[in-house]
Every structure is written in C-alpha cells, then in structure tokens.
Amino acid sequence: MRFTLEEEGYDIVDAENGRAGIDIYRQSPTDLIITDIIMPDYEGMETILALKREFPEARIIAMSGSKPSGPASFLSMAEKLGAGHTLTKPFRRAELLSAVRQSLNGH
C-alpha cells in the first residue's frame, strides 16, 4: 500500500497500531486515515470509534480480510462507526486508489 500511494504522490505516515495512530493524528492531523480492523494492542474498531469521537471530521478507510457478508461483518460495523470507505483484503491497486480519491474528495 505504501509503495502504491507514494507512487501516486501521497505522503504516508505509518503507525504501529491504533493507539500510536491516534497519537500521531492528535499531533498532526492527516487528510486520511487507513486502518486495518485486526491489529495488536488497539484494534481498528476502537481506533475508528476514538477518532470519530474526538475528530468527527476525520476521513477513514477501514480494511479487513473478513468476509463482507452479514450484518455483523467487521467492515459493516466499521462503516457504522464512521469509516467512509471499506476495503476487503486482498484488494487491487485500483480499488485502493479509488477509495482514497473518493475519501479525499468527500464522497
């Protein structure tokens, strides 16, 4: 993902987990956050919830390898918590870039 986004001209800031990502965002908000759902220490749902509570305007893309079916799916829950877009892994380069562009354009 890093290579794809940098190749397209985006500046990337990495975080080792959700807690670190939130701390980075507090210090220097980014235009977009991309988070995995399953992460050690502070998982994606907690991250999305905390970010949207503190920064309602935050633009978030959530990704997961979970199956996209059923109302209890991780990505469906992520959308309900405030993720504007979701990606099911594995995803294609075009899917990633489309979600990023749409998120940055407010769609």
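These legends accompany close-up views of a predicted model. Local features need pLDDT of at least 70 and side-chain atom pairs count only at pLDDT 80 or more, while totals for chains, interfaces and linings use all residues. Residues are numbered from 1 along each chain as its sequence is written, and side-chain values use heavy atoms, with hydrogens and water left out.

**Figure 1. The whole chain has 5 helices and 3 strands.** Helices (H or I, at least four residues) and strands (E, at least two) are DSSP runs, numbered from the N terminus. Along the sequence their order is α-α-β-α-β-α-β-α. The C-alpha atoms fill a box of roughly 35 × 30 × 25 Å along the principal axes. For 107 residues, a compact globule would have a radius of gyration near 13 Å, and the chain agrees at 13 Å. That radius is taken over C-alpha atoms, and the globule rule is 2.2 Å times the number of residues to the power 0.38. Of the 107 residues, 36% count as buried. Buried means under 20% relative accessible area, exposed over 50%, and partly exposed in between (1.4 Å probe, protein chains only). Contacts are heavy atoms within 4.5 Å. Among contacts with a separation of 6 or more, 61% come from residues 24 or more positions apart.

**Figure 2. The largest nonpolar core holds 16 residues.** Such a core is a set of buried Ala, Val, Leu, Ile, Met, Phe, Trp, Tyr and Cys residues joined through side-chain atoms within 4.5 Å. Ile37, Ile48, Leu51, Ile60, Ala62 and Ala78 have the most contacts inside it. Two or more residues each come from α2 (18-27), α3 (44-54), β2 (60-64) and α4 (74-81). Helix α3 gives the largest share, 4 residues. Another core, of 9 residues, lies apart from this one and includes Leu5, Leu32, Ile61 and Val100.

**Figure 3. Helix α3 and its surroundings.** Gly44, Met45, Thr47, Ile48, Ala50 and Leu51 of α3 are buried. Their cover includes α2, β1, β2 and α4. Beyond its neighbours within four places in sequence, Leu51 touches Ile22, Tyr25, Ile33, Pro56 and Ile60. At the start of α3, a side-chain oxygen of Glu43 comes within 2.8 Å of the backbone nitrogen of Met45.

**Figure 4. Two salt bridges that link a loop to a helix.** A salt bridge here is a side-chain nitrogen of Lys or Arg within 4 Å of a carboxyl oxygen of Asp or Glu. Asp14 pairs with Arg2, with the closest N and O atoms 2.9 Å apart. Asp14 sits in the loop between α1 (2-7) and α2, and Arg2 in helix α1, so the pair ties together parts 12 residues apart in sequence. Arg2 is partly exposed, at 36% relative accessible area. Asp41 meets Arg19 at 3.6 Å, N to O. Asp41 belongs to the loop between β1 (33-36) and α3, and Arg19 to helix α2, so this pair ties together parts 22 residues apart in sequence. Asp41 is exposed, at 52%, whereas Arg19 is partly exposed, at 41%.

**Figure 5. A salt bridge within helix α2 joins Arg26 and Asp23.** Their closest N and O atoms are 3.2 Å apart. The two residues lie 3 residues apart, about one turn of the helix. Both are partly exposed: Arg26 at 44% and Asp23 at 36%. Elsewhere, salt bridges that share partners join Glu7, Glu8, Arg93 and Arg101 into one network. The salt bridge count comes to 9.

Technical notes: A polar contact is a pair of N or O atoms within 3.5 Å; within protein, one must be able to donate a hydrogen and the other to accept it, and residues adjacent in sequence count only if both atoms are side-chain atoms.
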